[in-house]
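Dear colleague,

I am handing over the structure below, and after it you will find an account of what was found. Please read the two side by side.

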Amino acid sequence: MDEKIAPHIEELTMALGTINKEEISKELDKLLKYRVPLDEAKRILKSKYAAVSSNSVEVKDLSPGLNGIDIKGRIIDIIEKTVSIQGEKKTIFSGTLGDGTGICSFTCWDDMSLKSGDAISIRNAYTRLWNNRPELYFGKRCAIAYLQDGELPDIEQMSHSNLKKLDEIVPADVLASSVVLIVEMYHREIMLKGEKVTVVEGVIADETAKLPFTAWVPLGALDIGSYIRFEGAAVRIFRGLPSINFNENTSIEPVESTEDLPFTLESVNRSSSPLAIEQVLEKEGMFDVTVRGNIISIRPGSGLIERCPVCNRVTQKSICRSHGEVECLMDMRIKAILDDGTGAVHLMLNRELSEAIYGKSMYDAEKMAQVSMASDSVFEDMRKVLTGKYLAARGNSSKNEFGVSLVAKSVWAPENDLKERMDQLLEKIGNGCDE
């Protein structure tokens, strides 16, 4: 490397954060070979790699894959760890950081002399997906400045008093507090470290959303219909969907005065108003959401299937990936694409819902397959019967590399929204004509 260029590469490496030095050196060398002036070459590289640089974000806005972000927060807790990276031991510092909008986990790659309670501003940080949630990363390549203590809420305020509506709890949140209503509740026994432990599971709700919860501590006299205020509950993420975990660090109190609360047991148990599918696509996951649209495709894997009797996985030629050759159980399902004009989701229907929408039982489907002697006859018949059908579905959505899936808990053919759909179509046509 040219000694005259080396300091400029170091400058760019620090400015661009997560872009490795070799790539920066290669790109800078290429520009200089084309006789681009050094200052202009540096400007080009900063523009290319730091399109999101110097973007100030809050904890609630964190998502995986952000680079060059600026964030302010207070260190809530921090511990020193020794990890192995590519076979070498390295000391890192991890903990949680809050800013009043939420609390996220972080990893600091270098010893920055940070301690619990520090109010800091971090420039040029980045995020990656870790344990199903976006985690904040920073180190010596980032600029860290200390803030005045009064610029941010104290640790106690951020950990316990920052009440959120359930739809405001995001994958970046590590802890959450809210006022909710228990709408489902049941006990389950599990084995934990060789001991049988009873946990309480269920669903909590407010006027904005529903979320699943697990209580690792006794809930006393609380039951379905109880209003509670919880503070400092742990947030777990599975397939983009938050769940609330009550533990020994969580404060849970019954709410005595509920007159001013904008939700009741009756209101939260009503079917939620249908959302445009584009709104569902914006989220990593949603609990108990309703959508409507037309089936535009029945996907392969629909129809009669066989499952492993041990793990319930779909088998291929009586072979389970986990249990080898098994005596399979017959099942039926539908995998469809539901589109409402704003977007499309993968809709998953179990046997019961498939029979209701398809109009034929699994027994009928088996008879059809036997008569036709064709393994895909049920799948082809489903395509003919269901393609174009208008449906409403209610269930939980999740996002992966293949898109957004909605596993339906109920599905039906809406009968009372034809006029609404016609009005929307006429409005779109009218707007098109105006243009």
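**Helix 9 and its surroundings**

In helix 9, which runs over residues 377–386, the buried residues are S377, V378, F379, D381, M382 and L386. Please keep in mind throughout that this is a predicted model. The cover over the buried residues of helix 9 includes two helices, helix 7 (351–358) and helix 8 (362–372), together with strand 14, strand 15 (303–307) and strand 18 (329–339). Just after helix 9 comes G388, whose phi is positive, at about 95°.

**The largest pocket**

Strand 14, already named as part of the cover over helix 9, returns here, since it gives the most to the lining of the largest pocket, with five residues. That pocket holds about 910 Å³ of space, and its lining consists of 39 residues, with D167, T208, A209, K283 and M286 lying nearest the centre. Besides strand 14 (285–298), the elements that give two or more residues to this lining are strand 10 (210–215), strand 12 (241–246) and helix 5 (265–269). As for the chemical character of the lining of the largest pocket, 19 of its residues are nonpolar, 11 are charged and nine are polar.

**The second largest pocket**

The second largest pocket contains about 650 Å³ of space, and 27 residues line it, those nearest its centre being T96, S105, N131, E135 and V174. The elements that contribute two or more residues to this lining are strands: strand 2 (69–85), strand 3 (88–98), strand 4 (103–108), strand 6 (133–138) and strand 11 (227–238). Of these, strand 11 gives the most, with five residues. Divided by class, the lining of the second largest pocket comprises 12 nonpolar, 10 polar and five charged residues.

**The chain as a whole**

The chain has 435 residues, of which 42% are buried, and it is built with 10 helices and 21 strands. Its C-alpha trace spans about 80 × 65 × 60 Å along the principal axes. If one takes the contacts between residues at least 6 apart in sequence, 60% of them join residues that are at least 24 apart. The area that the chain exposes comes to about 24400 Å², and 49% of that area is supplied by carbon and sulfur atoms.

With best regards

Terms used. Residues numbered from 1 in each chain as written. Predicted model: local features only at pLDDT ≥ 70, side-chain atom pairs only at ≥ 80, totals over all residues. Heavy atoms only, no water. 1 Å grid on protein atoms, 1.4 Å probe; cavity = no way out; pocket = protein on both sides within 12 Å on 5 of 7 lines; lining within 4 Å. Points joined across faces, edges and corners; volume = space filled by probe spheres on them. Helix = DSSP H or I, 4+ residues; strand = E, 2+ residues; numbered from the N terminus. Nonpolar A, V, L, I, M, F, W, Y, C, P; charged D, E, K, R; others polar. Buried < 20%, exposed > 50% of the residue type's maximum accessible area, 1.4 Å probe, protein only. Contact = heavy atoms within 4.5 Å. Areas by Shrake-Rupley, 256 points an atom, 1.4 Å probe, with all protein chains shown as cover.
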